[in-house]
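Trainee: Could we go through this model together? I would like to know how each label is earned.

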Amino acid sequence: MNFSEVFKQSNQLCKVSPDGKYLATCVQYRLVVRDVKTLQILQLYTCLDQVVHMEWSSDSLFVLCAMYKRGLVQVWSLEQPDWYCKIDEGSIGLVSSRWSPDGRHILNTTEFHVSVKSPGVRDGCYMALAERRDCRDYVSVFVCEDWHLLRHFETETQDMAGVEWSPNSCVLAVWDSCLEYKVLLYSLDGRLLSTYSAYEWSLGIKSLAWSPSSQFLAIGSYDEKVRILNHITWKKLTELDHPATISNTKAVMYKEVERRPGVGSDNLSIQQHITMGSTLFNTQSKYVICPLPVQLPVIKPDLDRANPKIGVSSMAFSSDNRYLATKNDSMASVVWVWDIQRLGLLAVLEQTSAVRCFQWDPRRPRLALCTGNAKLYLWSPAGCVSVTVPAEGGFQVLSLSWHCSGDSLILVGKDQLCLCYMETDNHDD
């Protein structure tokens, strides 16, 4: 495992192009495009203001930079560096901007008349637009090839929270606000396939995730449970709980243990202190396997405050559909890994700090996570590992993302980033 030098970035705007060849980063009002292998700067663009959103086109030829406060969008070309496009929404305001699947159209959401919840795009074929008019929720499905309206229908929701296509573009999931536990599943022609409600007076939905094969739909809720629906009957296949005490003998409990290297400071010169720097005094950590049962740390949420820290907020299926990773906010330092084949708990990772982000390797069953310190954590069926990022200046990993090849990771700090290069085995490729 090797690490690159660190580079500047702002607002954690760092994205690899869809073809995996380029790395785009924003530094205040500048857009920097690098070769992802050599990290050499290929293009440098200057925007009209500080960029708050950046996105690649699907063909990796253009980069969109949005400045919401000024209602501006600028588009830059890799093939023609001197060309650019500017879109000014003016007084109607701008709340979001994104590419259409064909990479030649831009979808801007403004604050003018229609309240658009979120556009959901899948496979470059269809776009689902959720909107609210006259206290009613609607979904419009467009064909992206020529943008004609395919279907427009009202949904049976009180206040729609979001829409999400299944990966095969056959089913559209629509769910209600956090006050209602309701998921509606529609076919492409607008036909209601199923309505799932957990139980009467239930706590609402906090997160939702499709499996890559579209066979499973995971629903995370404020009652600290995950319910998995199957794609045949759209009924509940199983219910995954997040108990404070782990007693399942089939699960492996990994706990991060820290130790700070002891050094006799009296025997070190000032120059040695400067030279050895932060790498010497970085807290080292490793995972230990704990015998069961184990009591997990639980944060009691303040239910009188808005957005209490409770419920399943993060879920992600592995690329092979074999595993599901979840995080329950009342146990913020714990990641749960479930075996979907046997519908049971496989591993529990207890960190020393709250988990900020986790993401699966797009090619292998390998999970990467970070907790806001100078370490990268990896889980696979073979076990867990903790790696210190050897960057000077106290680099803290606040978020991470995999390269599409699975051979490297982008580690993002407050105002810096670096790349972590993984060792690859030929038999995995």
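Trainee: What is isoleucine 228 in contact with, leaving aside its neighbours within four places in sequence?

Mentor: In this predicted model, isoleucine 228 is in contact with Phe216, Leu217, Ala218, Lys235, Lys236, Leu237, Thr238, Leu240, Leu324 and Ile340. These are called contacts because heavy atoms lie within 4.5 Å.

Trainee: What part does Ile228 play in the largest nonpolar core?

Mentor: That core has 23 residues, and Ile228 is among those that touch the most other members, together with Val226, Leu296, Leu324, Trp336 and Val348. The elements giving two or more residues to this core are β22 (216-221), β23 (225-230), β29, β31 (334-339) and β32 (344-350). In soluble globular proteins, nonpolar side chains tend to be buried together.

Trainee: How do you know that arginine 227 and aspartate 223 form a salt bridge?

Mentor: Their side chains meet at 2.7 Å, N to O. The cut-off is 4 Å between a side-chain nitrogen of Lys or Arg and a carboxyl oxygen of Asp or Glu, so the pair qualifies. Arginine 227 and aspartate 223 are both buried. They also belong to a network of salt bridges that links Asp223, Lys225, Arg227, Lys236, Glu239 and Asp241.

Trainee: How many salt bridges does a search of the whole structure find?

Mentor: The search finds 15. One of them joins aspartate 49 and arginine 70, with the closest N and O atoms 4.0 Å apart. Set that value beside the 4 Å cut-off and you can see how the label is earned.

Trainee: What makes the pair of aspartate 49 and arginine 70 a tie between separate parts of the chain?

Mentor: Aspartate 49 lies in the loop between β6 and β7 (53-56), and arginine 70 in the loop between β8 (62-67) and β9 (72-77), so the salt bridge ties together parts that are 21 residues apart in sequence. Aspartate 49 has a relative accessible area of 29%, so it is partly exposed. Arginine 70, at 43%, is partly exposed too.

Trainee: Why is glutamate 131 called buried, and what is arginine 133 called?

Mentor: Buried means under 20% relative accessible area, and glutamate 131 has 6%, so the label fits. Arginine 133 is at 39%, so it counts as partly exposed. Glutamate 131 and arginine 133 form a salt bridge, their closest N and O atoms being 2.7 Å apart.

Trainee: Is serine 386 buried or exposed?

Mentor: Serine 386 has 18% relative accessibility, so it counts as buried. You will find serine 386 in strand β36 (residues 383-388).

Trainee: What makes the pair of serine 386 and serine 285 a polar contact?

Mentor: Their side chains are joined at 2.8 Å, and the limit for a pair of N or O atoms is 3.5 Å, so the label holds. Beyond its neighbours within four places in sequence, serine 386 is in contact with Ser285, Tyr287, Lys375, Leu376 and Tyr377.

Trainee: How do you know that β4 and β5 are paired?

Mentor: Two strands pair if there are at least two bridges between them. Strand β4 (residues 22-27) and strand β5 (residues 30-35) are joined by 6 bridges, so they pair, and they run antiparallel. Leucine 23, for example, has arginine 34 in β5 as its bridge partner. In the hairpin of β4 and β5, with 2 residues between the strands, glutamine 28 takes a positive phi near 60 degrees.

Trainee: Over how many bridges do β5 and β6 pair?

Mentor: There are 5 bridges between β5 and strand β6 (residues 41-46), in the antiparallel sense. Arginine 30 has threonine 46 as its bridge partner in β6. The hairpin of β5 and β6 has 5 residues between the strands, and leucine 39 in the turn has a positive phi of about 65 degrees.

Trainee: What makes β27 and β29 edge strands?

Mentor: First, the order of their open sheet of 6 strands is β27-β26-β32-β31-β30-β29, with mixed pairing. β27 (284-290) and β29 (312-317) each pair on one side only, which earns them the name. The twist averages 20 degrees from one strand to the next.

Trainee: What stands out about the bond between leucine 292 and proline 293?

Mentor: A cis peptide bond joins leucine 292 and proline 293, with omega at about 5 degrees. Proline 293 sits in the loop between β27 and β28 (294-295).

Conventions. Residues numbered from 1 in each chain as written. Predicted model: local features only at pLDDT ≥ 70, side-chain atom pairs only at ≥ 80, totals over all residues. Heavy atoms only, no water. Helix = DSSP H or I, 4+ residues; strand = E, 2+ residues; numbered from the N terminus. Axes fitted to C-alpha atoms, helices over the stretch in contact; angles between N-to-C directions. Core = buried A, V, L, I, M, F, W, Y, C linked by side-chain atoms within 4.5 Å. Buried < 20%, exposed > 50% of the residue type's maximum accessible area, 1.4 Å probe, protein only. Polar contact = N/O pair within 3.5 Å; in protein donor to acceptor, adjacent residues only side chain to side chain.
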